[in-house]
Amino acid sequence: MRKGFSIKEVKQHGVLVFMPLAYSALIVPFSQYFLEMTGIFSEQTASTVQIFSMLIALVVAAIFQNIIMRDGNKKLWGYFVCSTPAGHKGYMLTKFSFVLACGVFNLIGSVAACTYYAGLTGRAGANSFGVICKLGFALFALQLILRAIDIPLTVRFGEKKGSMIKLISLMVLIILYVVLIIIKPETSTLLAKLTKSLISSAGKAWFVPAFVGVGAAAYAVSYHITCKLYIKGIESID
C-alpha cells in the first residue's frame with residue numbers, strides 16, 4: 001500500500017519536489033536585482049548575492065514542503081490511512097521522503113545556480129565551489145531541523161494551531177531572553193561569546209558534516225514522534 005501512497009504523492013506533489021531545480025535558475029538574478037534596487041548593502045559582492053540567493057531558495061523550498069505536508073489531514077482520510085496495510089507509519093514515511101527530496105533538489109539547484117553565477121561573473125575565488133557547497137549543506141541541515149520541529153506540530157495540531165503554537169513559543173523565548181538580560185546583564189556577554197565561538201567553528205572542516213548529522217538525526221527522530229502523534233492528530237480534527 002505504501003506504493004499507492006507514493007503514486008498519490010507523485011500525482012499531487014511530484015512537480016513541487018522538482019520545482020527547486022526550476023526556480024533556482026531565477027533566484028540568483030532576482031537576488032542581484034533586488035539587492036541593487038533596495039541598496040541593502042553598500043557593496044554588492046558575489047558572496048552577498050550567493051548567500052542571499054540561498055536564503056531565498058530556503059524560504060521558497062519551505063513553502064513547497066509545507067504544501068506537501070498539508071493534505072491528508074481530514075479525519076476520514078486519516079482513518080483510511082490507519083486501516084491500510086502500510087498504516088500511518090508508511091504514509092508518514094512517504095511524506096517525509098517527499099519533503100526530504102524537495103530539500104535535496106533545493107540544495108542541488110541552489111548550489112548549481114550560485115556556482116554558475118560565480119563562474120559567469122568571475123568575481124569569486126578559486127575555492128568558490130567549496131564555499132558554496134559548505135553554505136548549501138549548512139542551510140540544508142538547518143532546513144531539516146526546522147522541518148523536524150514543524151511537521152510534528154502540524155500533524156498533531158493542524159496547520160493553523162501548529163503555526164500559532166510556533167509563534168507563541170518564539171515570542172515566549174524572546175520575552176525570556178529579554179527578561180534574562182534585564183535580570184542578569186552578563187547573559188548578553190555570554191551569548192555574544194557563544195555566537196562568536198559558533199561562527200569561529202563554522203569555518204572548521206568538521207562543522208558542516210556534524211551539523212548535517214545533527215539535522216539528519218533530528219529529522220529521523222521527528223518521523224518517529226510524528227507517527228506517535230498522528231492518531232491523536234486525526235482525532236482532534238473538527
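Good morning. By helix I mean a DSSP run of H or I with at least four residues, and helices are numbered from the N terminus. With that settled, let me turn to the structure above, which is a predicted model.

I begin with the fold. The protein chain contains seven helices and zero strands. Followed along the sequence, the pattern reads α-α-α-α-α-α-α. The chain has 238 residues, and 37% of them count as buried.

My main topic is the internal space. How many cavities of 30 Å³ or more does the structure hold? There are two.

The largest cavity encloses about 60 Å³ of space. Three helices each contribute at least two residues to its lining: H2, spanning 46-70, H4, spanning 87-121, and H5, spanning 128-183. The full lining consists of Met54, Ala57, Leu58, Gly103, Asn106, Leu107, Ser110, Gly136, Leu139, Phe140 and Gln143. Sorted by class, these residues comprise six nonpolar and five polar, with no charged residue. Glycine is placed with the polar residues in this scheme, a point to keep in mind for Gly103 and Gly136 in that lining.

The second largest cavity holds about 30 Å³. Around this space we find Gln65, Val99, Leu100, Gly103, Phe140, Gln143, Leu144, Arg147 and Tyr219. Here the elements giving two or more residues are H4 and H5. Which element gives the most to this lining? The answer is H5, with four residues. By class, the second lining has five nonpolar, three polar and one charged residues. Arginine counts as charged, and Arg147 belongs to this lining.

Gly103, Phe140 and Gln143 deserve a remark. They appear in the lining of the largest cavity, and they appear again in the lining of the second largest.

Arg147 brings me to the charged pairs. In general terms, side chains of opposite charge can pair when their charged atoms come close. The count for this model is three salt bridges.

One of them joins the side chains of aspartate 150 and arginine 147, at 3.9 Å from N to O. The cut-off for a salt bridge is 4 Å, so the pair at 3.9 Å is within the limit. Both residues sit in helix H5, three residues apart, or about one turn of the helix. Are they buried or exposed? Aspartate 150 is buried, and arginine 147 is buried as well.

The other pairs involve glutamate 9. A salt bridge connects glutamate 9 to lysine 8, where the closest N and O atoms are 3.4 Å apart. Glutamate 9 also meets lysine 95 through their side chains, at 3.1 Å from N to O. This second pair links distant parts of the chain, since glutamate 9 is in helix H1 and lysine 95 is in helix H4, 86 residues away. Taken together, Lys8, Glu9 and Lys95 are linked in a network of salt bridges.

Why do the members of this network count as buried? The threshold is a relative accessible area under 20%. Glutamate 9 counts as buried because its relative accessibility is 0%. Lysine 95 is buried because its value is 1%. Lysine 8, at 18%, is therefore buried too.

Two further buried positions illustrate contacts in space between residues separated in sequence. Histidine 13 is located in helix H1, residues 2-38, and is buried, with a relative accessible area of 6%. Its C-alpha lies 8.9 Å from that of phenylalanine 64, although 51 residues separate the two in sequence. Glycine 215 is part of helix H7, residues 207-235, and is buried, at 0% relative accessible area. Glycine 215 and alanine 138 are 77 residues apart in sequence, and their C-alpha atoms are 9.3 Å apart.

Finally, the surface. A nonpolar patch is formed there by Met164, Leu167, Ile168, Met171, Val172, Ile175, Leu176, Val179, Ile182 and Ile183. Together these residues have about 960 Å² of accessible area. Among them, methionine 171 is found in helix H5. Methionine 171 is partly exposed because its relative accessible area, 45%, falls between the limits of 20% and 50%.

To close, helix H5 has come up repeatedly: it helps line the largest cavity, it gives the most to the lining of the second, and it carries the pair of aspartate 150 and arginine 147. Methionine 171 of the surface patch lies in H5 as well. Thank you.

Notes:
Residues are numbered from 1 along each chain as its sequence is written. This is a predicted model: local features need pLDDT of at least 70, side-chain atom pairs count only at pLDDT 80 or more; totals for chains, interfaces and linings use all residues. Side-chain values use heavy atoms; hydrogens and water are left out. On a 1 Å grid over the protein atoms alone, a cavity is a set of points where a 1.4 Å probe fits but cannot get out, and a pocket is an open set with protein on both sides within 12 Å along at least five of seven lines; lining residues have an atom within 4 Å of a point. Grid points are joined across faces, edges and corners, and a volume is the space filled by probe spheres set on the points. Patches are made of residues with over 30% relative accessible area and no salt bridge: like charges are joined within 9 Å, nonpolar side chains (Val, Leu, Ile, Met, Phe, Trp, Tyr) within 5 Å. Accessible areas come from the Shrake-Rupley method with a 1.4 Å probe; for residues, only the protein chains shown count as cover. Buried means under 20% relative accessible area, exposed over 50%, partly exposed in between (1.4 Å probe, protein chains only).
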